[in-house]
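Visitor: I would like a close look at a single part of this model, with the reasoning spelled out step by step. Please begin from the geometry and then move outward to the surroundings.

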Amino acid sequence: MDSEKTKHAAAGGALAFITLMGIVSLFSDMTHEGARSILGEYLNITGASAATIGFVSGIGELCGYSLRLISGFIADRTKKYWGIVIFGYVLQVMAIPALALVPENGWFIACCLIVMERIGKAIKKPAKNTLVSFAASEIGEGKGFAYQEFLDQLGAFIGPVILFVIAAVKGTEDVFTTYRLCFFILGVPAVITVALVLLSRFKYPHPEAFDKRAEKEEKFSCKRSFVYYMIAICCFAFGFADFTLITLHAAKTGAFPVEQLSLLYAGAMAVDAVAALFFGWLFDRIGIRALMISTVISSFFSCFIFLTGNPVAIGFGIVLWGIGMGAQESIMKAAVSRIVPSSMRGTGFGIFETGFGIAWFFGSWLLGVLYDRSIVVLVVVSVAVQLLEVLFYRKSEK
């Protein structure tokens, strides 16, 4: 009886920790995803060319993923998970309200702040995922990361909606001033994010205690299952179109008014959140096959989005895109925590995130080039690479 009570208490504590970290993610995503919905136009207003915007976005994402290999390794070597998480969050979220201080024609400063935000995310991500994985092992990896992703994407939904409302109330006669106000207001969730991270550190100084399997596990080695798994997630990242390409197509075809584009992203994030919960639950029951199912469902999103200018078809494609993103973002992390031992999980997450980011970067680049040359080829490449992903998931399961 006592052991049963202890088990329930441990599960309750793990769930409370994951929920608290999920709320941290909610306010963090409210800050940086809200900013992302207007960053392109803001950089243009401050004097950046389209080429500069594209270059900075690419460099930012490349830094945001490739540096995770280093930060994950450092986290495992030092075991200073909380210090790395706190520093990364402060750097990431505080770069957003700082954009409100950028002067007119200050595109270079704005670009530096955008890259700084991505670097902050790179610093904290592997260590944060490692902390969550410790608690997720107590309640189920799929469920744990699904809760995290749900709250994360709830923030990603709320952020763009808040800015849409601000723009609607403030008006667009002076867009630069309106955007400055938006970034200033995003400073509120940014401060809340930092306060909640500090609270999490105070309440749960040793989340690794949740993982009862830690003492039994061996050191991490690059097993064949992990190699196949990495190939699979790189296929996903390579063939999964970035949402900026989707909004470009939606605007170019006139399917939606330009002022509604941020709402399309918010809608995709809402679908993402719900899909994360369902597929996280499914992962705890059938394992990696949950990823195969989600991939088959979502892989045809590009057919509905890019082969038509019909708003209903594009909307349905965005729903499929949100399902794929939600399932992959939650389950992929859960699978890593099962494959990689806790003592080297920061490194494992670093390898995973770096491979994912590099594949996403080159895939987005190729799909962008194909969009200008042949949309049909774009769709074929996107669908084929994602279906290939299922084969490697199958191999990683053996």
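Visitor: How far apart are the end C-alpha atoms of helix H15 (residues 375-397), and what should its 23 residues span?

Guide: Please keep in mind that this is a predicted model. Helix H15 covers residues 375-397, and at 1.5 Å a residue its 23 residues should span 33 Å; the end C-alpha atoms lie 34 Å apart, which agrees with that expectation.

The buried residues of H15 are Leu378, Val379, Ser382, Val383, Val385, Gln386, Glu389, Val390, Phe392, Tyr393 and Ser396. An α-helix has 3.6 residues a turn, so residues three or four places apart point the same way. The buried residues of H15 pack against several helices, namely H8 (224-239), H9 (243-252), H11 (289-298), H12, H13 and H14.

For one of these neighbours, H12, the contacts can be followed down to a single residue, Ser302, which is found in that helix. Ser302 has 1% relative accessibility and therefore counts as buried, the cut-off being under 20%. Leaving aside residues up to four places away in sequence, Ser302 touches Leu307, Val379, Ser382 and Val383, and Val379, Ser382 and Val383 are among the buried residues of H15.

The helices around H15 also take part in aromatic pairs, of which a search of the whole structure finds 21. In one of them, the ring centres of Phe145 and Phe349 are 6.2 Å apart and the planes stand at 50 degrees, so this pair is tilted. Phe145 belongs to helix H5 (residues 141-170) and Phe349 to helix H14 (residues 345-373), so that the pair links parts of the chain 204 residues apart. Both Phe145 and Phe349 are buried.

Another pair, Phe304 with Phe316, is edge-to-face, with 4.9 Å from centre to centre and 80 degrees between the planes. Here Phe304 lies in helix H12 (residues 301-306) and Phe316 in helix H13 (residues 311-339), with their positions 12 residues apart in the numbering. Phe304, at 33% relative accessibility, counts as partly exposed, and Phe316 counts as partly exposed at 42%. Within H12, then, Ser302 counts as buried, whereas Phe304 counts as partly exposed.

Finally, ring pairs also link Phe236, Phe240, Phe301, Trp321, Phe352, Phe356 and Trp360 into a cluster.

Terms used
Residues are numbered from 1 along each chain as its sequence is written. This is a predicted model: local features need pLDDT of at least 70, side-chain atom pairs count only at pLDDT 80 or more; totals for chains, interfaces and linings use all residues. Side-chain values use heavy atoms; hydrogens and water are left out. Rings of Phe, Tyr and Trp (its six-membered ring) pair if their centres lie within 6.5 Å; planes under 30 degrees apart count as stacked, over 60 as edge-to-face and the rest as tilted. Helices (H or I, at least four residues) and strands (E, at least two) are DSSP runs, numbered from the N terminus. Buried means under 20% relative accessible area, exposed over 50%, partly exposed in between (1.4 Å probe, protein chains only). The expected span of a helix is 1.5 Å times one less than its number of residues. Contact means heavy atoms within 4.5 Å.
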